[in-house]
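Here is my note on the model, set out as numbered points. Please keep the structure open while you read.

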Amino acid sequence: MFPSTLGGGVVGRALNRGIWSYDVINIRDFAHDNYGSVDDEQFGGGAGQVMRADVLGDVLDSIKKRGKIIYFSPRGPTLNQKMVREFAAAPDSTYTLLCGRYEGIDQRIIDEYDIMELSIGDYILSGGEIAAQVFVDSVVRVMDNVLGGGADATLNESFEIGGLEWPLYTRPSVWRGRKVPEVLLSGHHGNIERWRKQQSDEITKERRPDLIKEK
Ligand code: SAH
């Protein structure tokens, strides 16, 4: 499952250039039996298995440099771009990313290791691995020297500009009779900026009024 999508694109190039690195631990390697079982039924009854505290404790203890431990879980605060920036800017940005399976993990692991829970949205995935990839992709791409185009490339984006991005266009200037808005071809930077701002405001007001209230 790793690096999976993290091996491609700008994040993959940053991996090859050593801007970030990762280790994967297979939790099954820490199973206490020969079957590799890491889960058991819930105390109190109910459908679904829970990942065992004793197994996960051994996994976490085996990691020399843990940094902050994050457990991906629908119960955590939802990751947003402001948090992404903070994770990327942390002085020692080493993280242990704990990916759940089944119904999740034994609560005592969360308590024992003072783990931060983090959600990537209000829906249920079957495992935390995709959430971990969302985390790494979004955090790595705002790190220095990852994107070409300098700091601007990550600043001129939805959420970074206090709203959603304006419509984007590239060549050809006419496609199936559809023209690129005149102003973008004018070369008049002041007008272009005003047009983009106005488009961004309109789209944000229509689609995500909550972002405007947050300002
Ligand atoms: N029983 C849990 C859901 C378990 S889903 C609940 O009701 O809250 C199995 C695993 O997928 C979780 O342990 C978690 O690591 C991951 N996961 C599922 N949805 C997620 C989300 N929205 N954000 C982050 N991780 C998620």
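**Notes on the predicted model**

1. **Ser119.** Ser119 sits in the loop that runs between β5 (116–118) and α5. The model is a predicted one, and that applies to every point below. Is Ser119 buried or exposed? Its relative accessibility is 1%, so Ser119 counts as buried, because buried means under 20% relative accessible area. Leaving out residues up to four places away in sequence, Ser119 touches Ser73, Pro74, Gly76, Pro77, Thr78 and Leu79.

2. **Residues around the ligand.** The ligand has 19 residues around it. Which of them come nearest? They are Tyr71, Phe72, Glu103, Gly121 and Tyr123. Sorted by class, the shell holds 10 nonpolar residues, eight polar ones and one charged residue.

3. **Polar contacts to the ligand.** Check three backbone positions here. At Ile120, a polar backbone atom is 3.1 Å from a nitrogen atom of the ligand. At Ser73, a backbone N or O atom lies 3.4 Å from a ligand nitrogen atom. Ser73 is also among the residues that Ser119 touches. At Gly127, the partner is an oxygen atom of the ligand, 3.5 Å from a backbone N or O atom. How much of the ligand does the protein bury? Taken alone, the ligand exposes 560 Å², and the protein buries 86% of that.

4. **The largest nonpolar core.** This core has 23 residues. Trp20, Phe72, Phe87, Leu118, Phe135 and Val140 have the most contacts inside it. Four elements each supply at least two of its residues: α1 (9–16), β3 (68–72), α3 (81–89) and α5 (129–141). Which element gives the most? It is α5, with six residues. Note that Phe72 appears both here and among the residues that come nearest to the ligand.

5. **Phe87 and the other core.** Phe87 is one of the core residues with the most contacts. Setting aside neighbours within four places in sequence, Phe87 is in contact with Ile70, Leu79, Ser93, Tyr95, Met116, Leu118, Phe135 and Val139. Two of these partners, Leu118 and Phe135, are also on the list of residues with the most contacts in the core. Another core, of 18 residues, lies apart from the largest one. Its members include Leu56, Tyr71, Ile105 and Ile110. Tyr71 is another of the residues that come nearest to the ligand.

6. **Helix α2.** Which residues of α2 are buried? They are Ala53, Val55, Leu56, Gly57, Val59 and Leu60. Leu56 is also a member of the 18-residue core. The cover over the buried residues of α2 includes β2 (49–51), β3, β4 (95–98) and α4 (107–112).

7. **Asp61.** Asp61 also belongs to helix α2, which covers residues 53–61. Not counting residues up to four places away in sequence, Asp61 touches Arg66 and Tyr113. Asp61 and Val11 are 50 residues apart along the chain, and their C-alpha atoms are separated by 29 Å.

8. **Val10.** Val10 lies in helix α1. With a relative accessible area of 26%, Val10 is partly exposed. Which residues does Val10 touch? Beyond those up to four places away in sequence, it touches Val146 and Leu147. Thr204 is 194 residues from Val10 in sequence, and the two are 27 Å apart in space, C-alpha to C-alpha.

9. **Cis peptide bonds.** Two bonds deserve a look. Phe2 and Pro3 are joined by a cis peptide bond, with omega about 5 degrees. Pro3 is in the segment before α1. The bond from Arg171 to Pro172 is cis as well, with omega near 0 degrees. Pro172 is placed in the loop between α6 (152–155) and β6 (174–175).

10. **Positive phi values.** Asp114 is not a glycine, yet it has a positive phi of about 50 degrees. It lies in the loop between α4 and β5. Is Asp114 buried or exposed? At 58% relative accessibility, it counts as exposed. Asn145, also not a glycine, has a positive phi of about 65 degrees. Asn145 is found in the loop between α5 and α6. Its relative accessible area is 60%, so Asn145 is exposed.

Note on methods: Residues are numbered from 1 along each chain as its sequence is written. This is a predicted model: local features need pLDDT of at least 70, side-chain atom pairs count only at pLDDT 80 or more; totals for chains, interfaces and linings use all residues. Side-chain values use heavy atoms; hydrogens and water are left out. A residue is near a molecule or strand if one of its heavy atoms lies within 4 Å of it. A polar contact is a pair of N or O atoms within 3.5 Å; within protein, one must be able to donate a hydrogen and the other to accept it, and residues adjacent in sequence count only if both atoms are side-chain atoms. Accessible areas come from the Shrake-Rupley method with a 1.4 Å probe; for residues, only the protein chains shown count as cover. Ala, Val, Leu, Ile, Met, Phe, Trp, Tyr, Cys and Pro count as nonpolar, Asp, Glu, Lys and Arg as charged, and the others, Gly among them, as polar. Contact means heavy atoms within 4.5 Å. A nonpolar core is a set of buried Ala, Val, Leu, Ile, Met, Phe, Trp, Tyr and Cys residues joined through side-chain atoms within 4.5 Å. Buried means under 20% relative accessible area, exposed over 50%, partly exposed in between (1.4 Å probe, protein chains only).
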